[in-house]
Amino acid sequence: MKILITHSQRPLNILLLEDDDGDAQALQRAFQSAGLSNTIIRAVDGIEALDTLRGTNAKSENHAA
């Protein structure tokens, strides 16, 4: 069974603020094990997270966890 978290029938993207590669990969594996297929966008620091939220971070499109 595959679960997709949605809001108003739209897929929910998740912003992960995590500077440790191992922890980010563990979270991604946990989501996969739970059958969640939401997009996880990773930021490694607060500046990158804010840029992503503002839409000014070109890396955010290709920087999934």
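The legends below describe close-up views of a predicted model.

**Figure 1. Overall arrangement of the predicted protein, with two helices and four strands.**
Read from the N terminus, the elements follow the order β-β-β-α-β-α. The protein has 65 residues, of which 25% count as buried. Its accessible surface amounts to about 4800 Å², and carbon and sulfur atoms account for 51% of that area. Of the contacts between residues at least 6 apart in sequence, 59% join residues that are at least 24 apart.

**Figure 2. The buried side of helix α2 (residues 46-54).**
The buried residues of this helix are Glu48, Ala49 and Thr52. Around the axis they span an arc of only 100°, so they lie on the same side of α2. An α-helix has 3.6 residues a turn, so residues three or four places apart point the same way. The buried residues of α2 pack against two strands, β3 (14-17) and β4 (40-43). On the other side of the helix, Ile47, Leu53 and Arg54 are exposed.

**Figure 3. The two ends of helix α2, with aspartate 45 at the start and glycine 55 just after the helix.**
A side-chain oxygen of aspartate 45 comes to within 3.2 Å of the backbone nitrogen of isoleucine 47. Isoleucine 47 is itself one of the exposed residues of α2. Just after α2, glycine 55 has a positive phi of about 80°.

**Figure 4. A nonpolar surface patch formed by Leu15, Leu50 and Leu53.**
The patch has an area of about 270 Å². Leucine 15 belongs to strand β3, a strand against which the buried residues of α2 pack. Leucine 15 counts as partly exposed because its relative accessible area is 33%. Leu53 is among the exposed residues of α2, on the side other than the buried one.

**Figure 5. The salt bridge between the side chains of aspartate 21 and arginine 42.**
The structure holds one salt bridge, and its N to O distance is 2.9 Å. The pair connects distant parts of the chain, with aspartate 21 in helix α1 (residues 21-33) and arginine 42 in strand β4, 21 residues apart. Side chains of opposite charge can pair when their charged atoms come close. The two partners differ in exposure: aspartate 21 is partly exposed, at 49% relative accessibility, whereas arginine 42 is buried, with a relative accessible area of 9%. Strand β4, which holds arginine 42, is also one of the strands that the buried residues of α2 pack against.

**Figure 6. Alanine 24 of helix α1 and its spacing from arginine 42.**
Alanine 24 counts as buried because its relative accessible area is 2%. In sequence, alanine 24 and arginine 42 are 18 residues apart, and in space their C-alpha atoms are 7.9 Å apart. Arginine 42 is buried too, at 9% relative accessible area. Helix α1, where alanine 24 is found, also contains aspartate 21, the salt-bridge partner of arginine 42.

Key
Residues are numbered from 1 along each chain as its sequence is written. This is a predicted model: local features need pLDDT of at least 70, side-chain atom pairs count only at pLDDT 80 or more; totals for chains, interfaces and linings use all residues. Side-chain values use heavy atoms; hydrogens and water are left out. Buried means under 20% relative accessible area, exposed over 50%, partly exposed in between (1.4 Å probe, protein chains only). The arc is that of the directions from the helix axis to the C-beta atoms. Contact means heavy atoms within 4.5 Å. A polar contact is a pair of N or O atoms within 3.5 Å; within protein, one must be able to donate a hydrogen and the other to accept it, and residues adjacent in sequence count only if both atoms are side-chain atoms. Patches are made of residues with over 30% relative accessible area and no salt bridge: like charges are joined within 9 Å, nonpolar side chains (Val, Leu, Ile, Met, Phe, Trp, Tyr) within 5 Å. Accessible areas come from the Shrake-Rupley method with a 1.4 Å probe; for residues, only the protein chains shown count as cover. A salt bridge is a side-chain nitrogen of Lys or Arg within 4 Å of a carboxyl oxygen of Asp or Glu.
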